[in-house]
Amino acid sequence: MEKLVIEGGKPLKGTIRIQGAKNAALPILAASVLAEGTTILENVPDLLDIRVMLDILRAIGCKAEHKNETVHIDTTGLNSFHIPADLMTQMRSSIFLMGPLVARLGSVRVYQPGGCAIGERKINLHLDGLRALGAEIEESCGMIHCRAEKLTGTDIYLDFPSVGATENIMMAAAAADGMTIIHNAAREPEIQDLQNFLCAMGARIYGAGTGTITIEGITRFTPCTYRIIPDRIVTGTLMVAAAATRGNVTLERVIPSHVTSLIHVLRRSGVQITVSGDIMNVQCHTRPKRVERVITSPFPAFPTDLQSLLMVLLSLADGLSIIKETVFEGRFKHVDELSRMGADILIDLNTAFIRGVPRLYGATVEATDLRAGAALVVAGLAAHGTTVVEQIQHIDRGYDRLEQLLGSLGAVITRTSLDSAVRPETEPEPERASNPRTGTARANG
Ligand code: EPZ
């Protein structure tokens, strides 16, 4: 299996362009099946999850090609409503095919989706929304069969502003007969991008970005050319990496309003952030300050996807910081690995108490999910000594050649599949008390 080997302690310096947003591209790729013909999507990053989605589209009869961050999808040959199990289980976002396929074909057969081990990740809100629009859904042995002679617009109230459920319902309601209003809808920027794409195909939708989205169904969608927004989580990842390595990084093609909550938290921690249009500069020349409390919550609050990244920075801060995770119940899997690098973190239910330490130390650590893996890479960049991150296929799901991106900013980071040479030679460890909170912190070697 491939690993990333990182020589830490190098401040990141330079300018980088942000990739297109994975979490905008995935639902938009699914929505493309609503229109017969060829849709062109620009600024689509080359990621594992994107490749799986393109394989799913090919499996149901579409033609799909991805070159130079541009995807061409020809849905003329769409001939199946059955998503293969082996593709479904590789990626949770395969569930996005339900709305558009039941709208276009009147039927869709999927399996319980796979995804990151960050929580139960139920899909009840997706299914309830489709039922409300008139779909009949049968579930047996992990398979879900959704049928609808006709979809009819209605009022839908989401118990939780689920991003995926909002998107699935939008895509189905766009082709329903009549008006649909989604109440307590998710407000993430990716929802707005989906609305803009659907409207570019002729849909009549407004309100995305607010908690109430109104959709007037249409019968015929027109293929279009559309550019995906920049990835706000990759933006945040690089902002934290610049701060944690006490570097000076300029990010291009940023939408600052998509990372407002992170900007505020980083500024409270003493990071210097300047914004001019779609360009952002992030600098940090001193030890970060503690941040009393950060609570993850749906947009526009602090995003759960950046929780693990922020935890790395606060692990190095001067004092005690608290992060409360309210979106996913299993999203602290990076904590044990950070503790092995010398972090001092106590977990109590969904709250992390982070007592900053002067430095982290290189170790061999394991990525357990996409954003936990990214956090371990950032920790390795900031740590003293060598860090080896294993199971990096999780990271490749959301970051397009992360090692090249960071390497262009001066990081010493290589991808290898060698088993021998990667045991890092960390510098001799000063005697460190074992961390009573999370076991004994130990470096590799
Ligand atoms: C999207 O996942 C993102 N993925 C996630 O990013 C992101 O963490 C999440 O939104 C929250 O912002 C994509 O867009 C592909 P949710 P999604 O439905 O749609 C519960 C990453 O790292 N829930 O808003 O699955 C669920 O269990 C990934 O890029 C139900 O109970 O998120 C969770 O606790 C990770 N029933 C909460 O809602 C449902 O039917 C948030 O889930 C659906 C969700």
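**Figure 1. Polar contacts of Ser 162, Leu 125 and Arg 371 with the ligand.** In this predicted model, a polar side-chain atom of Ser 162 is placed 2.7 Å from an oxygen atom of the ligand. Leu 125 takes part through its backbone, where an N or O atom lies 2.7 Å from a ligand oxygen atom. For Arg 371, an N or O atom in the side chain is 2.8 Å from an oxygen atom of the ligand. The ligand taken alone exposes 820 Å², and the protein buries 90% of that area.

**Figure 2. The pocket and the elements around the ligand.** The largest pocket is the one in which the ligand sits. Four elements each give two or more residues to the surrounding shell: α1 (22-31), α5 (124-132), α6 (163-173) and α12 (370-382). Of the elements, α5 gives the most, with three residues.

**Figure 3. Residues of the shell and their domains.** The ligand is surrounded by 22 residues, of which Arg 92, Asn 124, Ser 162, Asp 305 and Val 327 come nearest. Sorted by class, the shell holds eight nonpolar, seven polar and seven charged residues. Residues of the shell come from both domain 1 (2-19 + 230-443) and domain 2 (22-227), so the ligand lies between these domains.

**Figure 4. The cis peptide bond between Phe 299 and Pro 300.** Most peptide bonds are trans. The bond that joins Phe 299 and Pro 300, however, is cis, with an omega of about 10 degrees. Pro 300 belongs to the loop that runs between β17 (293-295) and α10 (307-315).

**Figure 5. The backbone at Cys 141.** A negative phi is found in most residues other than glycine. Cys 141 is not a glycine, yet its phi is positive, at about 50 degrees. This residue, Cys 141, is located in the loop between the strands β7 (136-140) and β8 (143-147).

Note on methods:
Residues are numbered from 1 along each chain as its sequence is written. This is a predicted model: local features need pLDDT of at least 70, side-chain atom pairs count only at pLDDT 80 or more; totals for chains, interfaces and linings use all residues. Side-chain values use heavy atoms; hydrogens and water are left out. A residue is near a molecule or strand if one of its heavy atoms lies within 4 Å of it. A polar contact is a pair of N or O atoms within 3.5 Å; within protein, one must be able to donate a hydrogen and the other to accept it, and residues adjacent in sequence count only if both atoms are side-chain atoms. Accessible areas come from the Shrake-Rupley method with a 1.4 Å probe; for residues, only the protein chains shown count as cover. On a 1 Å grid over the protein atoms alone, a cavity is a set of points where a 1.4 Å probe fits but cannot get out, and a pocket is an open set with protein on both sides within 12 Å along at least five of seven lines; lining residues have an atom within 4 Å of a point. A molecule sits in a cavity or pocket if more than half of its atoms lie within 2 Å of its grid points. Ala, Val, Leu, Ile, Met, Phe, Trp, Tyr, Cys and Pro count as nonpolar, Asp, Glu, Lys and Arg as charged, and the others, Gly among them, as polar. Domain bounds come from an automatic or database domain assignment.
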